[in-house]
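User: I am new to this structure and would like to go through it step by step. Could you take my questions in turn and explain how each answer is reached?

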Amino acid sequence: MPGSYLFILNPNSGTSTGKRTSYIVDKIQAIAGKYDCEAVILFTKERGHATALVSENAGLRDWKAIVAVGGDGTINETAQPLVGTDTPVGIIPLGSGNGLARHLGIPIALEKSLIRLFTGDPITIDSATLNDIPFFCTAGIGFDAYVGHLFSKQKVRGLASYVNVSFRAYWTYKPQVLKLNGLNTNAFSISFANAGQFGNNAWVAPEANLQDGKLDICTIKPFPKWYGTSLAYQLFTKQMKASRFIDYQSAEYAVIDTETPPMIHYDGEPLQLNTTRIEVKIKPQSLRVIV
Ligand SMILES: Nc1ncnc2c1ncn2[C@@H]1O[C@H](COP(=O)(O)OP(=O)(O)OP(=O)(O)O)[C@@H](O)[C@H]1O
């Protein structure tokens with residue numbers, strides 16, 4: 001659709017976005033030109049910068065879309081100021097996992113995702129909050145948050161690094177005792193799924209729907225170490241529901257109480273909380289996204 005698009009590019013996303021920046025910029029400009037569109041491209045300099053860039057620039061023009069060029073963390077930061085507005089988010093998936101893009105069926109290849117951006121239509125999806133922090137794909141506590149924390153310290157990003165970190169963490173991680181909606185629960189992890197996957201087609205909640213006004217809450221109960229391979233297989237083949245160690249609920253709201261302030265993740269971004277209470281809420285139909 002002709003018009004102006006604002007691109008927010010995170011050179012730290014994925015394994016090669018930083019190395020390929022000038023190639024990516026040229027591709028964006030070339031394909032924008034083909035569709036009679038103007039592309040303004042800004043670069044993030046640090047964590048949180050995408051949100052600041054969007055807040056500063058959103059009102060300057062009637063943007064057709066504000067486009068996150070990166071992974072789920074970049075989408076999160078880009079979309080935060082756009083929740084409840086008419087301005088759609090676009091996604092050029094250059095991250096390590098690209099969970100939201102994969103759930104939405106946005107092509108992962110650069111050129112195809114750009115063509116989709118300029119030819120696609122906006123839909124309105126749900127977003128959610130964890131202690132008032134917006135998230136769009138998944139958030140959670142437990143093993144995923146712990147891995148997210150370890151992954152954020154790695155020099156090399158990408159799938160191989162993620163698998164390596166997860167594998168090492170798996171042998172030392174201990175399930176936590178907590179209260180989920182007042183009920184004592186022993187959990188390896190609890191995921192709040194707005195979209196169905198963490199990224200890389202790891203489908204934690206294969207039936208999650210971005211437009212149903214609900215979150216899928218997936219509790220993985222403690223399981224014997226030998227069961228890990230089966231669980232990984234179920235995760236990547238959309239068969240988690242079949243496992244006797246997994247419990248699903250669908251809800252608009254949930255509360256978790258922990259014994260000590262936990263590490264959580266929102267869209268893969270790790271965060272050490274300074275409270276022992278987590279409140280998760282859905283915001284139905286609150287973000288426009290071009291698909
Ligand atoms: N210039 C920068 N230098 C360092 N970190 C940055 C910079 N710009 C953004 N970031 C941070 O980089 C992190 C990773 O971004 P992002 O989540 O998009 O990529 P990813 O983790 O590779 O992909 P995915 O989340 O899909 O697995 C985010 O925490 C983001 O805030």
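Analyst: Before the questions begin, one term is needed: a residue is called buried if 20 or more other C-beta atoms lie within 10 Å of its own. Please also keep in mind that this is a predicted model.

User: Which residues in helix 5 are buried?

Analyst: Helix 5 covers residues 110-119, and its buried residues are covered by elements that include helix 1, strand 2 (37-43), strand 3 (65-70), strand 4 (89-93) and strand 16 (277-290). The buried residues in helix 5 are S113, L114, R116, L117 and F118.

User: At roughly what angle do the axes of helix 1 and helix 5 cross?

Analyst: Helix 1 spans residues 21-34, and its axis comes within 10 Å of the axis of helix 5. The crossing of this pair is right-handed, and the angle between the axes is roughly 40°.

User: How do the residues of the contact of helix 1 with helix 5 divide into nonpolar, polar and charged?

Analyst: On the side of helix 1 the contact involves I24, K27, I28, I31 and A32, while helix 5 brings L110, E111, L114, I115 and F118. Sorted by class, these residues of the contact between helix 1 and helix 5 come to 8 nonpolar, no polar and 2 charged.

User: Why does E77 count as buried?

Analyst: E77 is found in helix 3, and, leaving aside its neighbours within four places in sequence, E77 is in contact with G48, A50 and T51. The C-alpha atom of E77 is also separated by 8.5 Å from that of A52, a residue 25 places away along the chain. E77 counts as buried because its number of C-beta neighbours inside 10 Å is 25.

User: Which residues in helix 3 are met by helix 2?

Analyst: The axes of helix 2 (residues 49-57) and helix 3 come within 7 Å and cross at roughly 35°, and helix 2 passes helix 3 in a right-handed crossing. The contact of these two helices has 2 nonpolar, 3 polar and 1 charged residues. From helix 2 the residues taking part are A50, T51 and V54, and in helix 3 they meet T74, E77 and T78.

User: Which element gives the most to the shell around the ligand?

Analyst: There are 24 residues around the ligand, of which S13, G71, G73, G95 and G97 come nearest. By class, the shell holds 1 nonpolar, 16 polar and 7 charged residues, and at least three of its residues are drawn from each of domain 1 and domain 2. The element that gives the most to this shell, with 4 residues, is helix 3.

User: What distance separates the centres of domain 1 and domain 2?

Analyst: The chain is divided into domain 1, running over 3-120, and domain 2, running over 133-284. Taken over C-alpha atoms, the separation between the centres of domain 1 and domain 2 is 26 Å.

User: On the side of domain 1 that touches domain 2, where does the largest share of residues come from?

Analyst: The contact between the domains takes 16 residues from domain 1 and 23 residues from domain 2. The domain 1 side has 4 nonpolar, 10 polar and 2 charged residues, and the elements that give two or more residues to this side are helix 3 and helix 4 (99-104). The largest share, which is 5 residues, comes from helix 3.

Conventions
Residues numbered from 1 in each chain as written. Predicted model: local features only at pLDDT ≥ 70, side-chain atom pairs only at ≥ 80, totals over all residues. Axes fitted to C-alpha atoms, helices over the stretch in contact; angles between N-to-C directions. Left-handed = near helix turned anticlockwise from the far one by under 90°. Contact = placed C-beta atoms within 7 Å. Nonpolar A, V, L, I, M, F, W, Y, C, P; charged D, E, K, R; others polar. Near = placed C-beta within 6 Å. Domains from an automatic or database assignment. Buried ≥ 20, exposed ≤ 12 C-beta atoms within 10 Å, placed from the backbone.
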